[in-house]
Structures are given as structure tokens and as C-alpha cells.
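Reader: I have a structure open and have not looked at it before. Could you walk me through it?

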Amino acid sequence: MPRKNRLERLTGGALGCMCGDALGMPVEGWTATAIRKTHGVLDRMIAGRLPAGSYTDDSQMMIAILESLAECGGRFDPADLARRFARKFQPWRGYGGRIAGVMERISAGAKWDQAGTDSFGNGGAMRVGVLGAWLAHDPDTLLRAALDQCLITHSHPRGLAGTAAQALAVGRACRLADNGLVVDQQDFIDYLVKKTSPIDAHMAGRLKAMPTLQGLEFDQAVNALTEEYACDVTAAEAVPPAIGSFIWASGGHSAKEAIILAVNLGGDTDTIGAMAGVLAGVYWGKQSLPQNWTQTLENGQDGHDRVNELCLRLCE
């Protein structure tokens, strides 16, 4: 892939993740109905439990993956990544309840694949998108790396399968975009079902249940996805609606609309927004993300500028 394209997609995916995360942060745990009653269609970054533009655990762990790749010369090293997860751990970002124990075990010297829990949550999937962008043109290596990074915290087959689905969806979105091809919903989902079925049949079944989305109006897409999926913290109910938001937007909409749809589904809004944001960012590129969003993003030690720098280091 030309360096410019790779940088545009990797940076787009990373910043797309942060945008979806920050947009969804203030309404995490709300229903779609509550979001609509309070905000109409939430399409702007506002303050919640954190200031406007702040990211949560989703983006913090994504940034750790980028940093590990950059420091390891583009090579994925799960042991290095596990140590970075522990060093960067800030509980106030909104981590799941079991993660503190995982980080304690890693800090105490536990092996990277022995510290996690038997969780079927979406924590592995929420952060994996940048690996999907980096390894897009080597799907077999991508799948192995995605599963390994998930094992650091989540070892349940459903959590692993959800992570695989998200990573492979990002990789496929990159390849389609690089070749100037449109997203065909049936083909896209069939590919993910085939790849995830050997890992977890339930996850594959939830992907297969994806309603037909391309051609629907915004409110119709919200209803279709929320009627099918719980949009909660489990991988099986969060990954499909994130992918669905991207598929819907690919049918004539935009990166911005993909992220807005994902967040307005309610439930685990920051994570579903982050996952849809990676997909949108890699498919449409960094320049597709609204400037008023990216300029609002947190920009401290590990903020917007740091992410740009890490992506540039990797692609050089």
C-alpha cells in the first residue's frame, strides 16, 4: 500500500476511534430513547463524567497498541503490550470492573496470556481497530495478533470472536477502500461469519442476524439495530451494531454519520462509537473526520497530537 494511503487510513482509524469514544462518553448507559429526548440526535461533543472531547479506556488502550507497535518497529509483541496496558492504566477513564485485577497481575509479573479473565465483554474488540488498519493486507497475521491482544484481558471465546470480527472488519474496510470498492453488506458479513464461526458460533450467529441496513433512513437504521442488538458491554451485542453503523453509512453516507448513528443507538455508547469510528476512519480516511470534533479531542500527554505522531512514526 502506498505510504500516504497507509498513513491516512491508520491515522483516520485511530482518530476515528477517539472521536466515537469522546462523542459517546457523556451518554454511556443511556437508552436510544433517552438520548433522543435529551439531545435530539447527538452529533456534537459535550461534557459528561469527563470534559468534552475526553476519551475513555477504549482509546487509552488503543493508544497503548499504537505505542507498542511504534516502539517495536511495527512488530506486534503481546508481552510488551501487556506491560504498556498496566503502565498506562488510569481507572478513572472508565475501565470494566475486572480490569484492575488484570493490571495488578501483569504489574506483579504474570505472563501476558495468563493475567486475563474468562470475560465475554467487548474490551478486546474496542481497542483492536488500529491493528486491523496496520495489518490490513495480511489477514492471517492480523487474526493471530488480534486474538493475542485480546487474551491479555479477555479469554472467553465470545470475547475473542468479537475481537476477531472487529479487527477483520477494519482490515477488510481498508482493502476495499484501497481498491476503490464499495461495501456490499452480504459479502462483508459473510466474510466475518466465516472467520468467526470456528472461534465462537454464538458470535457468528449474532453477526449473521444483521438486519439489512443500506438504503434505510437514519431513524430506520437506529430502530433496526436496537431491535436486534442489546448494544451492551458484551462483545456479541456491541460489535455487530458498530459494524452495522459502518455498513449503513457506507451506502451513501459519511464517516461522521457512521459515528453519529453508532452513538445514538444507546447502551455502551463510547465503545460502540469507538469501534464504528475506527471503521469509518480507515474507510474514508483522516480527512473525512469533522474538524470541529478532532480539534475538541483531548490533547494532553497521550492526546490527539501524540496519536498523529505515533501513526507517522509507524508509517515512516
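**A first look**

Author: Sure. This is a predicted model, in which local features need pLDDT of at least 70 and side-chain atom pairs count only at pLDDT 80 or more, while totals for chains, interfaces and linings use all residues. Residues are numbered from 1 along each chain as its sequence is written, and side-chain values use heavy atoms, with hydrogens and water left out.

Reader: How many helices and strands are there in the protein chain?

Author: The protein chain has 17 helices and zero strands. Both are DSSP runs numbered from the N terminus: helices are H or I with at least four residues, strands are E with at least two.

Reader: And what box do the C-alpha atoms fill?

Author: Roughly 50 × 40 × 40 Å, taken along the principal axes. Of the 316 residues, 61% are buried. Buried means under 20% relative accessible area, exposed means over 50%, and partly exposed is in between, with a 1.4 Å probe and protein chains only.

Reader: Pick a helix. Why is α4 called largely enclosed?

Author: Because eight of its eleven residues are buried, α4 is largely enclosed by the rest of the structure. The buried ones are P78, D80, L81, A82, R84, F85, A86 and K88.

Reader: What covers them?

Author: The cover includes α3 (57-71), α5 (99-107), α6 (123-127) and α8 (139-151).

Reader: What happens at the start of α4?

Author: A side-chain oxygen of D77 reaches to within 3.0 Å of the backbone nitrogen of A79 there.

Reader: K88 is on that list. Which side chain does K88 make a polar contact with?

Author: That of E67, at 3.1 Å. A polar contact is a pair of N or O atoms within 3.5 Å; within protein, one must be able to donate a hydrogen and the other to accept it, and residues adjacent in sequence count only if both atoms are side-chain atoms. K88 sits in helix α4 (residues 78-88) and has a relative accessible area of 14%.

Reader: What else is K88 in contact with?

Author: Leaving aside neighbours within four places in sequence, K88 is in contact with Q60, A64, E67 and D302. Contact means heavy atoms within 4.5 Å.

Reader: Changing topic: how many disulfides does the count come to?

Author: Zero, where a disulfide is a pair of cysteine sulfur atoms within 2.5 Å. For C19, the closest cysteine sulfur is in C17, 9.3 Å away, which is too far for a bond. C311 is in no disulfide either, as the nearest cysteine sulfur, that of C315, is 6.7 Å away.

Reader: Is C311 buried or exposed?

Author: C311 is buried, at 0% relative accessibility. C19 is also buried, at 0%.

Reader: Now V282. Where does V282 lie?

Author: V282 lies in helix α15 (residues 269-284) and is buried, at 0% relative accessibility. Beyond its neighbours within four places in sequence, V282 is in contact with R9, G12, G13, A133, V170, A173, C174 and A177.

Reader: Last one, S54. Which loop is S54 in?

Author: The loop between α2 (32-39) and α3. S54 counts as buried at 8% relative accessibility, and a polar atom of its side chain lies 2.8 Å from the backbone oxygen of P51.

Reader: How far is S54 from P26?

Author: They are 28 residues apart in sequence and 9.5 Å apart in space, C-alpha to C-alpha. Setting aside neighbours within four places in sequence, the contacts of S54 are A22, M25 and E298.
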